Amino acid sequence: MRRNFNGSTISRTALSVACFAAFAATPSYAGEVADAATAAESEQTGGDSQSAGEAEQSGGLGVIVVTAQRREESLQDAAIPINAATGADLTRAGVADATTLNAVAPALYVTAGGGANAGYFVRGVGNFTNNGYTSPAVAFNVDGVYIGRPSSTIASFLDVAVVEVLKGPQGTLYGRNATGGAINVIPTKPIPGETSGYVSGSYGNYNAFGIEGALNLAVGDDGAIRIAAAVNEHDGYNTDGTFDAKDVAFRGQFYAEPAPGFDIRFTVDYSTQKGAGPGTDVFGAYGLIPPGTPGREDPPVPGWNFISAPAAVAEPFTGLHTPEALAFLATVATAPLFSPFQDFAYPSRDDEYLGVSAEMNFELGDVDLVVIPAYRQSKLDNIFNGPPFKAAINKDTAEQWSIEARFSGSTGPVDWIAGAYYFDERVEGVNAFNQFGTVSNNAFDSQSDSLAFFGRATFNLSDDLRLVGGIRHTTENRSIDASATAAAGVCLEDPVGRAPFCGHVPTLPVGLTLQDVLGGLDPALFPVPGRNPQTAFNPNGADGVGQVFPYGPFNIFAPAQFGPGALLIITPNTIQRSASDKEFTYRAAVEYDITPENLVYASFENGFRAGGFNLARGRETYDPEFIDAFTIGSKNRFFDNRFELNAELFYWKYKGQQLAALGVDVDGNNAFYTRNVGKSSIKGVDIDFQFLVTETTKLRGGMQYLDAKYDEYSFDQVDLADPGDPPNFLRPVTSCDTTQQPIDPVSGKGSYIVDCSGKQALNSPKWSANLGIEQTIEFGGVKLVGTFDGRYRGSREVGFNYIPQSRVGSDVTLDASLTLAELDDQWAITAFARNITDEAVSTTVQLGSGNVVGGTYQPPRTYGVRAKFNF
């Protein structure tokens with residue numbers, strides 16, 4: 001039943017509150033009420049292109065219209081865990097791309113890794129970063145099209161009508177299965193028969209410059225063209241110039257109704273990202289405590305002592321490329337080459353994204369059909385350093401094709417939707433990860449396809465009571481054809497009483513391919529005739545068998561160690577794998593309208609994320625992950641539509657969790673790979689509210705309590721110690737429990753079992769809270785609108801290794817704005833400040849080469865002015 005918010009009755013309040021207390025359920029943060037001009041811009045037309053934005057209302061709080069369940073409904077009618085924000089909300093909160101969506105969806109954490117990498121977490125479900133052959137746990141959809149490469153989601157948001165953040169598994173209605181949730185970015189659609197538009201510009205500190213505009217042109221009475229473009233730039237937030245932005249985005253749409261009961265919309269979008277991109281701050285490094293040292297087991301990380309970087313280096317927003325940071329890192333030398341860390345490559349990015357799609361809506365009698373074909377391409381060209389790489393280089397090209405068809409209609413008391421979805425993607429990439437003494441050079445061709453059939457039915461048992469059932473069958477196929485080489489310099493010095501040191505042997509040069517790396521070395525470093533890898537390396541050699549080349553000047557002054565100073569060992573590997581997963585996923589729910597303004601619901605939904613491949617010897621595959629989610633929710637409006645109170649109780653069971661992080665392969669070579677670490681229980685409560693205190697004063701806020709812990713979390717790691725070393729000599733750098741395993745008689749290698757069971761899940765603070773106020777004052781034909789918002793996040797884990805540095809404390813961030821505007825919003829001038837107290841909020845902390853600890857932050861304090869003109 002469609003509920004009407006224009007005339008609630010207080011007489012039902014007591015019953016509503018009692019039922020609310022019984023069900024205590026999930027929030028939907030509706031955000032700021034958009035004005036009439038914004039509502040007009042947000043209007044969508046035709047068939048499945050329903051309204052997304054602010055619906056008209058006669059008084060009280062506004063109504064955001066969403067399409068998260070593939071139908072038009074108000075946010076308060078959507079009986080699912082969802083946050084939604086209009087384009088006006090995003091502007092107020094300073095959301096210019098996906099990495100800052102945390103501001104409007106408290107359950108969502110977005111981490112910006114090096115280059116174009118981004119990771120998404122919802123209540124502890126997610127991944128720090130992704131590459132060309134992994135899939136995200138939180139699906140990203142733009143204009144109804146699933147985006148396979150998470151890097152494609154970082155481009156600036158442009159002419160956005162609504163953003164929806166769905167919390168929990170999306171196993172029935174959405175393109176590809178997702179275990180953590182989904183983000184739906186819905187652009188403003190063309191408005192038939194209307195010529196209108198807007199232009200806005202902003203300037204702020206860090207030389208931040210932005211300009212955006214959109215033009216809606218009528219094409220007859222039943223068609224329109226909408227063109228939008230934006231440029232966003234700012235200098236680096238870090239002292240070394242990193243953490244900058246140089247983004248350009250364009251979108252063009254054409255809408256037409258060529259025949260009764262049929263409409264079509266074509267869309268093309270193009271965007272680029274350039275500059276240095278995200279940077280890394282250096283916090284310090286872990287040094288080995290020698291065996292036999294008293295108290296060796298007592299530090300937070302047993303066997304290791306943390307050496308803090310100098311204050312000028314560890315200070316937030318400095319960056320790795322300051323003279324002070326480079327001087328500190330030059331004191332670090334670690335296995336296997338033990339040569340100082342020098343000659344870091346400065347980061348850069350040159351990425352471009354292209355998308356073409358169509359949406360066709362047919363009215364076939366009592367049945368509606370929507371068809372969405374789409375093509376997308378992304379080209380990445382990145383160099384980055386975090387966590388402390390000498391250089392990491394990505395050059396990937398990804399192409400995806402998809403088509404979705406959905407039928408919907410009503411049969412008696414049953415509303416139904418059924419459809420099919422097909423997705424095909426190919427990613428070809430060449431990348432390199434240089435960690436001074438080791439270099440991994442990879443070339444891969446990854447292909448995947450997904451075919452799904454789905455259906456959902458809503459049984460209207462009465463005007464107020466509904467049962468919902470949904471099912472989806474998904475078949476995921478994937479293959480990879482890759483070649484990889486691992487080059488490692490090994491210092492041969494064997495001193496007594498100290499670590500080896502091969503300062504006379506250079507670290508390995510930066511290069512995209514192995515040939516580039518070897519070509520950067522002086523041939524004189526290979527003094528043995530016929531053993532120069534530049535000519536003698538056999539790329540077709542046996543997989544996993546290292547080819548050894550004497551490396552560095554000969555030692556002629558110490559007869560006991562006569563010979564080359566080091567060895568260069570190059571290990572080739574080929575990976576040719578294919579696999580598939582098939583899975584049924586389900587949704588079952590009950591919805592009850594206590595009154596037209598008060599809804600309670602309960603649901604179960606499950607989801608899965610397919611397994612995949614790694615370019616790491618001995619770690620080539622990983623398995624699917626699964627999640628079951630139970631929800632009890634309530635959505636309410638009281639007091640003549642002036643007070644909104646929504647709540648959600650949730651309980652998730654998560655197993656087979658996939659996490660990607662730096663590690664070592666079975667040969668001890670550094671690698672970045674995904675592993676299945678275990679299972680967790682996630683439970684809590686989410687509460688959101690809005691209160692229109694007076695016609696000119698509005699309060700908004702919310703609170704989340706989250707108990708997310710790992711029931712099981714363990715993985716194995718190769719023991720890098722040499723035979724004969726003392727027990728637990730080179731245990732993994734972690735505060736989790738570690739157990740040294742016996743040497744495998746087949747491989748001749750030992751290992752550790754790392755067990756983090758019982759730890760708090762990643763990016764899942766126990767307490768989170770938002771609180772904001774908006775005040776409007778009207779005078780002389782204009783209005784003054786002030787906003788003030790605060791966000792609290794409790795302490796949390798932001799790093800895979802569970803070291804003390806990745807346990808960040810609680811933080812509070814404050815934002816404010818002041819807008820002077822014409823009453824009909826023809827024009828507006830806004831002064832804004834974000835992160836007013838300049839809080840350094842850690843988003844990722846990682847352990848890199850040399851046990852160097854580095855991390856990234858959310859943006860520092862930013863402020864500026866913005867002007868907008870609507871026409």
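Which residue of β6 stands opposite Ala112? In this predicted model, the partner is Ala118. The strands around this pair are a handy place to begin. β5 and β6, the latter spanning residues 118–122, run antiparallel and are joined by five bridges. Both belong to an open sheet of three strands, ordered β5-β6-β7 and paired in the antiparallel sense. Its edges are formed by β5 (108–112) and β7 (125–126), each of which pairs on one side only.

A second open sheet contains five strands in the order β4-β10-β11-β8-β9, and here the pairing is mixed. At its edges stand β4 (82–86) and β9 (145–146); each has a single partner strand, so one side of each is left without a neighbour in the sheet. For β9, antiparallel pairing with β8 (residues 138–142) involves two bridges. Within this pairing, Asn141 lies opposite Tyr146 of β9.

Further along the chain, strand β30 (residues 625–638) and strand β31 (residues 643–655) run antiparallel and are connected by 13 bridges. Together β30 and β31 make a hairpin, with four residues between the two strands. One residue of the turn, Phe639, has a positive phi of about 55°. Across the hairpin, Ala629 has Trp652 in β31 as its bridge partner.

The pairing of β31 also extends to another strand. β34 (residues 678–694) runs antiparallel to β31, and 13 bridges join the two. Here Tyr654 has Ser680 of β34 as its bridge partner. Strand β31 is thus a convenient one to follow in the viewer, being joined to β30 and to β34.

Notes. Residues numbered from 1 in each chain as written. Predicted model: local features only at pLDDT ≥ 70, side-chain atom pairs only at ≥ 80, totals over all residues. Heavy atoms only, no water. Pairing = 2+ DSSP bridges.
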